[in-house]
Amino acid sequence: MEAYLRFGIFLGVYLLAVLLESFFPKRPPTQARVERWRINFSLVGINIVVQRFTLGAAAYLTAVYAQDHGWGMMGVLNLPFWAEALIAFLLLDFAIYLQHVMSHALPIFWRLHSVHHADLDIDASSGLRFHPIEILVSIIYKSLIVAALGVDPWVVIAFEATLNGAAVFTHANIRYPDKLDTALRWLLVTPNMHRVHHSIRRDEMDTNFGFFLSIWDKVCGTYHLAPPRAGHEKVPLGLPYIREQSRLGLLQLLMMPFRVTRQTASLGLSPDVVEGEVKR
């Protein structure tokens with residue numbers, strides 16, 4: 001039931017995002033949508049199979065086991081359910097924020113995460129574009145956090161559904177009023193806010209790490225204001241050292257973390273060098 005509930009929520013959010021993208025696109029595409037979707041959804045299919053035969057719903061099962069055996073911080077606090085649920089949800093979201101920061105800061109994790117950032121356009125499908133090994137690492141990480149906190153299984157379901165929906169929403173290529181964006185980002189990560197994170201400039205890529213709540217970027221000093229309206233349509237996205245579509249096929253993306261290329265050296269590139277590479 002847990003898997004069907006998560007999938008139903010995700011599917012609803014995804015279809016709504018695609019519909020809004022069709023009628024209110026923010027940026028014109030730089031490459032064929034059909035080809036991008038073929039690659040992105042092929043990764044999704046591989047990830048589903050990998051999860052099905054490996055860790056799958058490990059976070060949820062960990063929560064069930066932890067609850068049955070009295071594990072975790074929540075059991076010690078002994079608070080009302082609503083308070084435990086709120087605290088657990090906030091801490092899980094902060095944990096995902098920290099995981100995202102580590103994915104950029106540590107070269108071994110960046111090799112995996114660079115598959116996500118290699119997309120030259122971003123839309124709702126980009127929120128699903130992850131390397132299978134990164135997915136497995138994320139499942140293990142979330143399971144450890146769930147065990148340490150002693151999160152209720154229903155809170156895990158709610159958080160996973162929110163995380164999946166937020167990943168789709170924040171990557172969506174949707175045009176909407178700036179005033180709405182300003183109002184929403186007081187609490188939530190918006191598409192305009194997260195699009196900055198997909199800039200080719202390293203100083204912008206290493207900002208706006210949040211997936212759902214925007215408060216962690218603001219508290220931890222990684223918040224970056226979105227560029228002017230014209231900038232959203234014009235700023236190049238993706239990785240500065242992989243711009244050729246021929247290097248962004250499905251097989252190339254699966255092999256990307258295992259190839260010693262400029263992607264590891266690029267961690268130290270300055271914004272000026274990055275811009276020079278793109279111009280060439």
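A salt bridge here is a side-chain nitrogen of Lys or Arg within 4 Å of a carboxyl oxygen of Asp or Glu. With that in hand, let's walk through this predicted model, starting with its charged pairs.

**Salt bridges**

Side chains of opposite charge can pair when their charged atoms come close. By the rule above, the count comes to nine salt bridges. Three of them are set out here.

| Pair | N to O distance |
|---|---|
| R38 and E35 | 2.7 Å |
| D123 and R36 | 2.8 Å |
| R185 and D181 | 2.8 Å |

Take D123 and R36, whose side chains meet at 2.8 Å, N to O. This pair ties together distant parts of the chain: D123 sits in the loop between helix 6 and helix 7, while R36 belongs to helix 2, 87 residues apart. Are the two partners buried or exposed? D123 has 6% relative accessibility, so it counts as buried. R36, at 5%, counts as buried too. They also have company, as R36, D119, D123 and R129 are linked in a network of salt bridges.

The R38 and E35 bridge is a local affair: both residues lie in helix 2, three residues apart, or about one turn of the helix. An α-helix has 3.6 residues a turn, so residues three or four places apart point the same way. R38 has a relative accessible area of 45%, which makes it partly exposed, and E35 is partly exposed as well, with 32%. As for R185 and D181, which meet in a salt bridge of their own, both are buried.

**The pocket**

Rolling a probe the size of a water molecule over the atoms shows where empty space is left. In this model, the largest pocket holds about 1200 Å³ of space. Its lining takes in 36 residues, and R6, I48, Q51, I135 and N164 are the ones nearest the centre. Several helices give two or more residues to that lining: helix 1 (2-23), helix 2 (33-52), helix 3 (58-69), helix 5 (81-105), helix 7 and helix 8 (153-171). Which of them gives the largest share? That would be helix 1, with seven residues. Sorted by class, the lining has 20 nonpolar residues, ten polar ones and six charged ones.

**An enclosed helix**

Now for helix 6, residues 107-117. Eight of its eleven residues are buried, so the helix is largely enclosed by the rest of the structure. The buried ones are W110, R111, L112, H113, S114, V115, H116 and H117.

**Out on the surface**

Over on the outside, I133, V137, L251, M255 and F258 form a nonpolar patch, with about 430 Å² of accessible area together. Where does the patch get its residues? Helix 7 (132-149) and helix 14 (250-255) each supply at least two of them. L251 is found in helix 14, and its relative accessibility of 59% is over the 50% cut-off, so it counts as exposed.

W154 is another residue to look at. This tryptophan lies in helix 8 and, since its relative accessibility is 52%, it counts as exposed. The C-alpha atoms of W154 and A85 are separated by 8.8 Å, though the two residues are 69 residues apart along the chain.

Terms used:
Residues numbered from 1 in each chain as written. Predicted model: local features only at pLDDT ≥ 70, side-chain atom pairs only at ≥ 80, totals over all residues. Heavy atoms only, no water. Patch = residues over 30% accessible without salt bridge, like charges linked within 9 Å, V, L, I, M, F, W, Y side chains within 5 Å. Areas by Shrake-Rupley, 256 points an atom, 1.4 Å probe, with all protein chains shown as cover. Helix = DSSP H or I, 4+ residues; strand = E, 2+ residues; numbered from the N terminus. Buried < 20%, exposed > 50% of the residue type's maximum accessible area, 1.4 Å probe, protein only. 1 Å grid on protein atoms, 1.4 Å probe; cavity = no way out; pocket = protein on both sides within 12 Å on 5 of 7 lines; lining within 4 Å. Points joined across faces, edges and corners; volume = space filled by probe spheres on them. Nonpolar A, V, L, I, M, F, W, Y, C, P; charged D, E, K, R; others polar.
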